[in-house]
Amino acid sequence: MVKRILFDLDDTLFPFLEEYWCTLKYTLEEEHVQINQKIIDQLRKNVADYEKEYTMYTKKNMYNILQRGLPFKLPKTFVDTWIKQLSMCYPTDLENIKDVLSYLSQKYELVVLTNWFTEQQRLRLKGAGLDSYFEEIIGTDQVLNKPNKEAFLRGCKKYKPEECVMIGDSLQVDILGALNAGLQAIYLNRTGIKTNYREIKRLEELKEIL
């Protein structure tokens, strides 16, 4: 019997839009650093490489990896400023998602389990009007990154893994990670490629199966 549902955040509850990467440019401008597209591309590459090297999120590690390949020294306040910028990045048209979460929250405990900084994700959820549906928001500055087993077991809290369901858009990080930890899992499949895993195409389908 399902008692707790764990949601991934970015590209699951709401999309991480291409325009959000503009926060790197805004942060550099706020820190009075001269920029060009090559610098932005390098920073984006560095962010993408983070989880290949680190098992948890810390501001120190993020600063160190962002610094790679740059011809200048980033200001020490860069990560804090960038995270603040990102905390204001969220979609506003979420009535369908709110309807799903309202339905599910009456039956189950809902949790966000996200590979990112907890407080910044909390602010994004609050800005989007989704925070009140969740018992917990767990970022990987608190626990090892998904797909590490520890992350999912932390998300289960007092419940048995088999009583919890992970919902996410990444087969490797969310679905296989959860299954390996003993949880149930539902793959939010937006690729159109059929898999052998339990899956949905839209979050609204959760009202029919949970």
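Q: Which cysteine holds the sulfur closest to that of C22, and why is there no bond between the two?
A: The model is predicted: local features need pLDDT of at least 70 and side-chain atom pairs count only at pLDDT 80 or more, while totals for chains, interfaces and linings use all residues. Residues are numbered from 1 along each chain as its sequence is written, and side-chain values use heavy atoms, with hydrogens and water left out. A disulfide is taken as a pair of cysteine sulfur atoms within 2.5 Å. The sulfur of C22 lies 8.8 Å from its closest cysteine sulfur, too far for a bond, and that sulfur belongs to C89.

Q: How far is the sulfur of C164 from the closest cysteine sulfur?
A: The closest cysteine sulfur is in C156. The separation is too far for a bond, at 3.6 Å.

Q: Is C164 buried or exposed?
A: Buried means under 20% relative accessible area and exposed over 50%, with partly exposed in between (1.4 Å probe, protein chains only). C22, at 32%, is partly exposed. C164 has 0% relative accessibility and counts as buried.

Q: Which helix gives the most residues to the largest nonpolar core?
A: A nonpolar core is a set of buried Ala, Val, Leu, Ile, Met, Phe, Trp, Tyr and Cys residues joined through side-chain atoms within 4.5 Å. The largest has 27 residues. Helices (H or I, at least four residues) are DSSP runs, numbered from the N terminus. With four residues, the top contributor is helix 5.

Q: Which residues does L206 touch?
A: L206 is among the residues with the most contacts inside the largest core. Contact means heavy atoms within 4.5 Å. Not counting residues up to four places away in sequence, L206 touches F7, V100, L104, I167, I186 and I200.

Conventions
Helix = DSSP H or I, 4+ residues; strand = E, 2+ residues; numbered from the N terminus.
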